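Thank you for asking me to look over this model with you. Please keep the sequence and the structure open while you read the points that follow.

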Amino acid sequence: MKTILQKISVLLLCAILICSVLPSRAVAGYQIPGACQVQTEAGTAAVKTLDCDYDNNTYLSLRDTAMALNGTEKSFSLDVASNAVSLNLGEAYAPLGGENAPWGEEELPDASLRRNEFTLNGEKVFYYTIIMMLPVGYYDCFMMAADLAMILDADVTAPGAGVLQIETREPFRVSPEALEQAGYFYGVNSVLAGDATTGEIYYQYQADAPYPIASTSKLMTCLMAMEAISAGQLAPEQSVTISQAAQMLAESSDGVIPLKAGEQITVQELLTGALLPSSNECALCLAEAIAGSEENFVGMMNQRALELGLVQAMFYNSHGLPAYTEDPVPAKRQNRMSAQDMFRLVSYMLKVYPQITDITSQRTAVLESLGLEVRNSNPLLRNIPQVTGLKTGTTNKAGACLVTSLAADDGTEEHDLVVVVLGAEDSVERGRVSGLLARYALQAFRTGTGGQGAAPEETPGSLPVHAEAAVDRILRTAGRR
C-alpha cells in the first residue's frame, strides 16, 4: 500500500480497506466474509468484515467493533434485531458471546445491503447496513467504516494491509484532495463544496462541466416561483387549479403525489411538494401557474439562467425527467448544469430567498388541500444536525444527485454552506459522498483550511436584494450575538 494512502483519514477506507478474505461461494446478496485487525488505545482486536459484492467494499461488524472500543472514549452500546439497529454513544457494550471470533468455515452470509431502520441515541438516522443472524444465535450489523467513523466522530486510518487504527481522541477528518488522488471521485460526475455566503469554494472536482441534474432542476423552478411571489404574480396561499397534464403526470410511473384535474392546491403546498418528496406534478403545476404552459416556462427558465450567469445550464422541462423530442427517432434530452452553476444558483437562492430552507429543513409536512403527509427525500437531514436542505434528484442518465445546504456560524454571522454531488452511482454512494463532503465543508469553515477558490467580486446577485431577505439576514446575525 502506498505511503500516501496509509496516512489519509477514514474517507479512503471505502476504496482502500484491504482485509483478509476467506474462501466463499456466491449466496444471496453475495457478501464475502473476511476479517481485519482494529487497533485502539485499548489494544488490538479481530473484527469480522463483509465485502459487499466486490473485494474491499468492506463493512465492519458493529458488535466486534463495539467490543474493541469498550472502555475507550468512543464506546457505544448496541441492540440489533432482524431489520433494526439501535446504537447509543458513550455507553458500555454488553457482550453476548462470540465477539471478535473468526468466521466459522460454514458461515456463509445470506443478507443484503439495505437501509435498515437505524436509531442513534434514540433519533432516527439513515445509513445503509447489512444485518444477518450469526450461528451463535444473535443478529449482527455490518457498517461501512467511513459511516461508523462519522457517527463516532473518530479518525480512522489504514496503517497497513488488513489493519485499521481508530484514533478515539482525534476528531473525524476529511481530505478531499487525498480522496481524489486515490480515485474516490471517479464514481461521480462532479462535486463541489463551498460557502454560499462568501462565494469561497473549498473543493471542486470536474465542477465546470455540464451534467444531467435530474430533479435538482426543481430548485430553478422554485426560485422562479419565489420570484413570482415577490413580484406579486402569485401568493403563497393562492389556490391553483390542477390541469389535465398534471394529473396525467401524477398517474404515470414518475408520479409522486396523486393530483386530480380540477382540484385545487395552494402555491405553498406546490413548493413543499416539489422540494420534499420531489413531486414532478407539483413542479409542472407551478410552471403552468407562472407561465400558462410548461413550454413558455422552460423559455423563462433558460432566460433566467443566462441572467444569473449559469453558463452551462440548459432546461427542457420544469421537473428534470427525460424529455423526448417528437421526431420519428426521438432524442432523449435531460436538463443539465455544471456543479459550479448549481453552486451559483443555490448561493443566489439562499441569499435572496433564505426562507426556502424553512421548507427544505422539514422532515415531513402536511399538504392540507390534499390531506396528505409527505416526507423529505434528503437523507442527510437526519444524519447531520447542521443540514437545512436542499434537493435530491435521480434518473438513469443523471445518476443519483444531491444538493445539500448547511448552516454554520462564525460567531458574528450565520453562513450557508453548500455541497453539490452530481452523478453518484446510486443513493447509497450519493448519501455517503454528500455526507463526507458536508462534514468537510463544516471542517473547512471552522478551521479555514478550505480554499480552492476565493470569494468572487461582489455582483448585484451576491447580496440580499429582496427586502425580506435583507431583514432576515440582519435578524439572524443579531440573534447570534
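**Notes on the strands, the helices and the cavity**

1. Strand S6, residues 84–89, and strand S8, residues 117–120, are paired in the parallel sense over 4 bridges, and within this pair alanine 84 has glutamate 117 in S8 as its bridge partner. Please bear in mind from the start that this is a predicted model.

2. S8 has another pairing to examine, since S8 and strand S9 (residues 123–125) run in the antiparallel sense over 3 bridges, with threonine 119 taking lysine 124 in S9 as its bridge partner. The two strands S8 and S9 make a hairpin with 2 residues between them, and in the turn asparagine 121 has a positive phi of about 50°. As background, strands of a sheet pair through backbone hydrogen bonds, and they may do so in either a parallel or an antiparallel way.

3. Further along the chain, an open sheet of 5 strands follows the order S15-S14-S26-S25-S24, with antiparallel pairing. Strand S15 (201–205) and strand S24 (387–395) each have a single partner strand and stand at the edges, so one side of each is left without a neighbour in the sheet. From one strand to the next, the twist averages 5°.

4. Within this sheet, strand S25 (residues 399–409) and strand S26 (residues 414–424) pair in the antiparallel sense over 9 bridges, and valine 403 has valine 420 in S26 as its bridge partner. Helix H11, residues 339–352, packs on the sheet and touches strand S14 (190–195) as well as S15, S24, S25 and S26, while the direction of H11 makes about 145° with that of S26.

5. How do two of the helices meet? The axes of helix H6 (residues 218–230) and helix H9 (residues 280–291) come within 10 Å and cross at roughly 40°, and the crossing of H6 past H9 is left-handed. On the H6 side the contact involves Lys218, Thr221, Met224, Ala225 and Ala228, which meet Asn280, Ala283, Leu286 and Ile290 in H9. The residues of this contact between H6 and H9 divide into 6 nonpolar, 2 polar and 1 charged.

6. Lastly, please look at the interior space, where the structure holds 1 cavity of 30 Å³ or more, and the largest cavity has a volume of about 60 Å³. Which residues line the largest cavity? The lining consists of Leu60, Ala145, Leu148, Ala149, Leu152, Val156, Leu164 and Ile166, and by class it has 8 nonpolar, no polar and no charged residues. Helix H4 (145–152) and strand S13 (163–167) each supply at least two residues of this lining, and the largest share, 4 residues, comes from H4.

How values were computed:
Residues are numbered from 1 along each chain as its sequence is written. This is a predicted model: local features need pLDDT of at least 70, side-chain atom pairs count only at pLDDT 80 or more; totals for chains, interfaces and linings use all residues. Side-chain values use heavy atoms; hydrogens and water are left out. Axes are lines fitted to C-alpha atoms, for helices over the stretch in contact, and angles run from 0 to 180 degrees between N-to-C directions. A crossing is left-handed if the near helix is turned anticlockwise from the far one by less than a right angle, and right-handed if clockwise. Contact means heavy atoms within 4.5 Å. Ala, Val, Leu, Ile, Met, Phe, Trp, Tyr, Cys and Pro count as nonpolar, Asp, Glu, Lys and Arg as charged, and the others, Gly among them, as polar. On a 1 Å grid over the protein atoms alone, a cavity is a set of points where a 1.4 Å probe fits but cannot get out, and a pocket is an open set with protein on both sides within 12 Å along at least five of seven lines; lining residues have an atom within 4 Å of a point. Grid points are joined across faces, edges and corners, and a volume is the space filled by probe spheres set on the points. Two strands pair if DSSP finds at least two bridges between them.
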